[in-house]
Amino acid sequence: MPRSRLLAVDEGDFGLVLRAARFAAWKHRDQRRKGRGHLPYINHPLDLADVLWFEGGVRDPVVLAAALLHDTIEDTQTSLQELQGEFGEQIARIVMEVTDERSLHWRARKKLQVSRARLASPAARQVKLADKICNLRSMISSPPNGWSIERQRAYFDWSKEVVDQLRGANPELEARFDQVHKKRP
Ligand code: ZN
């Protein structure tokens, strides 16, 4: 019955995910996505959590919260210490695992993402997989202004290189990625 299903929700877990969504929405409040329509940035972390839950069957609140927070350190004024204080060591560590080194040139950054993927924890692998799925879907439905077909293809190829290092963490998500990758422009 719907009522008992509701009662089965662990309030602490739900609260954690809700707090992460709220924190990320605040941090990304002035940002927009690159593609057509310039959606509010928060739609992207919410998409990841949605993909993890509905397509990857992920029920671990730590993974879901980390997904909501995954771009805060890379793209907003959020420090590792702040995340540790708000959400604890474990979630902060997962976010760090999926955060690119911004000081590097984009080419080096992309290479590093491939080599780091191999060493990522199972939680970080799942967040990364969802990120790649969402990014390729956005690339298809609404490519960023000024991106040539060649650039879009290179993005697809690089995403697959990263995902090939992540395999083994969540077969459902890997299959979803392969599905979307088939639509390479
Ligand atoms: Zn992302």
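Me: Which residues are exposed on the other side of H2?

Reply: Glu11, Phe14, Leu18, Arg22 and Trp26 are exposed there. Exposed means over 50% relative accessible area, buried under 20%, and partly exposed in between (1.4 Å probe, protein chains only). One note before we go on: this is a predicted model, where local features need pLDDT of at least 70, side-chain atom pairs count only at pLDDT 80 or more, and totals for chains, interfaces and linings use all residues. Residues are numbered from 1 along each chain as its sequence is written, and side-chain values use heavy atoms, leaving out hydrogens and water.

Me: What makes H2 a helix, and how does its reach fit what is expected?

Reply: Helices are DSSP runs (H or I, at least four residues), numbered from the N terminus. H2 covers residues 11-27, which is 17 residues. The expected span is 1.5 Å times one less than the number of residues. For H2 that is 24 Å, and the first C-alpha to the last also spans 24 Å.

Me: Which residues of H2 are buried, and how do you know that they share a side?

Reply: Leu16, Ala20, Ala21, Phe23, Ala24 and Lys27 are buried. They cover an arc of only 165° around the axis, so they lie on the same side of H2. The arc is taken from the directions from the helix axis to the C-beta atoms. The buried residues of H2 pack against helices H4, H5, H6 and H7, with contact meaning heavy atoms within 4.5 Å.

Me: Why is the Arg176 and Glu55 pair called a salt bridge?

Reply: A salt bridge needs a side-chain nitrogen of Lys or Arg within 4 Å of a carboxyl oxygen of Asp or Glu. Arg176 and Glu55 have N to O at 3.3 Å, so the pair counts as a salt bridge. Arg176 is in helix H11 and Glu55 in helix H3, 121 residues apart.

Me: Why is Glu55 called buried, and what is Arg176 called?

Reply: Glu55 has 16% relative accessibility, and buried means under 20%, so Glu55 counts as buried. Arg176, at 30%, falls in between the two cut-offs, so Arg176 is partly exposed.

Me: What makes Asp178 and Arg167 a pair that ties parts together?

Reply: Their side chains meet in a salt bridge at 2.9 Å, N to O. Asp178 lies in helix H11 and Arg167 in the loop between H10 and H11, so the pair ties together parts 11 residues apart in sequence. Salt bridges that share partners join Lys160, Asp164, Arg167 and Asp178 into one network.

Conventions:
Helix = DSSP H or I, 4+ residues; strand = E, 2+ residues; numbered from the N terminus.
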